[in-house]
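I sat down with this one to see what the strands, a helix and the charged side chains are doing. My notes follow in the order I looked things up.

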Amino acid sequence: MKGIKFDGNHSYDAYQLFLNSYSIGEAEPNTNLVEIPGVDGAVDFTEYFGGVTYKSRTLKMQFTFAADRYGLNTAYAKLQNALNGRRVKIVLDDDREYCYTGRVSVGALSPDGQIGEVTLTATCDPYKYKNKARTVTCSGHTVGKGVGTAGGTAATLIHASVTNAGGVPAVPTFNGDKDFYVTATERHTGGSSDTYLNESESLPSGKDTAISGVEIPAGATQEFGFCCVGEGDLTVTIKLQERSL
């Protein structure tokens, strides 16, 4: 039975709901146009602080209960207790590779003879996210640029490449088994260059950590380099939650 999953619970299997229809609202851009006296048109500051951002989008889902009139109130109460006001992960059977994340409101029960209808409205993030994050792991022996600082002796790095196959830029996270530094690597004729992304402070071990301002453009591949503080074996896992509008 085609339907929608809420935090892994299918609308029919868990709540006895037949899906009648759903609509996905637009991801409206946050535009910033400023009118200046004496200037034709408007000055566009939409991307002044970085890329385009978007407003929340609305998902509306209309269902009919499978329960007859004697079980409607019980089924409706179960649905409200499970979802009303909660922020959940939403997966459409029509688009199972992606999920939306948003807060759900359960509308009023509309009984009509033997059947009952209900509309669920979810205020969601503008993006839909790949259900499974892209994961890349690299390991090897590294020599850092010094203990507690990115300055000092030359470093020996391990490298990994990450491709963003999503439709919009995505932010990678890094997790190492030791405190470590991250570089953005550029390959070019005659060699390569590594630019440190967290030169002032190493990233902590054992924690998925993003670096401010670091993202991978849609359709792009970025190579990163890694070295631990000091010298030693290092394993780093990079995760990328790809997304699309």
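Before going into the sheet, I fixed the term: two strands count as paired if DSSP finds at least two bridges between them. I also kept in mind that this is a predicted model.

**Sheet.** I pulled up an open sheet of three strands, ordered S12-S18-S14, with antiparallel pairing. Which strands stand at the edges? They are S12 (134-143) and S14 (172-176); each has a single partner strand, so one side of each has no neighbour in the sheet. I got an average turn of 20° between neighbouring strands, direction ignored. Next I followed S12 against S18 (residues 231-240) and found an antiparallel pairing over ten bridges. To get the register, I checked Thr-142, which sits opposite Gly-232 in S18.

**Helix H2.** I ran a quick length check on H2 (residues 72-83). Twelve residues at 1.5 Å a residue should span 16 Å, and the end C-alpha atoms are indeed 16 Å apart, so the two agree. Then I listed the buried residues of H2: Leu-72, Ala-75, Tyr-76, Leu-79 and Leu-83. Their arc around the axis is only 100°, which means they lie on the same side of H2. On the face turned away from that buried side I found the exposed residues Asn-73, Thr-74 and Asn-81. Just past H2, I noted a positive phi of about 85° at Gly-85.

**Salt bridges.** How many salt bridges does a search of the whole structure find? I got eight.

I looked at Arg-87 with Asp-125 to begin with; their side chains meet at 2.9 Å, N to O. Arg-87 is in strand S7 (residues 87-92) and Asp-125 is in the loop between S10 (115-124) and S11 (128-130), so the bridge ties together parts 38 residues apart in sequence. Arg-87 is partly exposed, at 42% relative accessible area.

Then I turned to Glu-242. Lys-130 forms a salt bridge with Glu-242, with the closest N and O atoms 3.7 Å apart. Lys-130 is in S11 and Glu-242 in the loop between S18 and S19 (243-244), 112 residues apart. Is Glu-242 buried or exposed? I have it at 3% relative accessibility, so Glu-242 counts as buried, the cut-off being under 20%.

Glu-242 also forms a salt bridge with Arg-134, at 2.8 Å between the closest N and O atoms. That pair links the S18-S19 loop to strand S12, 108 residues apart. Arg-134 is partly exposed, with a relative accessible area of 31%. Through shared partners, I wrote down Lys-130, Arg-134 and Glu-242 as one salt-bridge network.

Definitions and conventions. Residues numbered from 1 in each chain as written. Predicted model: local features only at pLDDT ≥ 70, side-chain atom pairs only at ≥ 80, totals over all residues. Heavy atoms only, no water. Helix = DSSP H or I, 4+ residues; strand = E, 2+ residues; numbered from the N terminus. Axes fitted to C-alpha atoms, helices over the stretch in contact; angles between N-to-C directions. Expected span 1.5 Å × (residues − 1). Buried < 20%, exposed > 50% of the residue type's maximum accessible area, 1.4 Å probe, protein only. Arc of directions from axis to C-beta. Salt bridge = Lys/Arg side-chain N within 4 Å of Asp/Glu carboxyl O.
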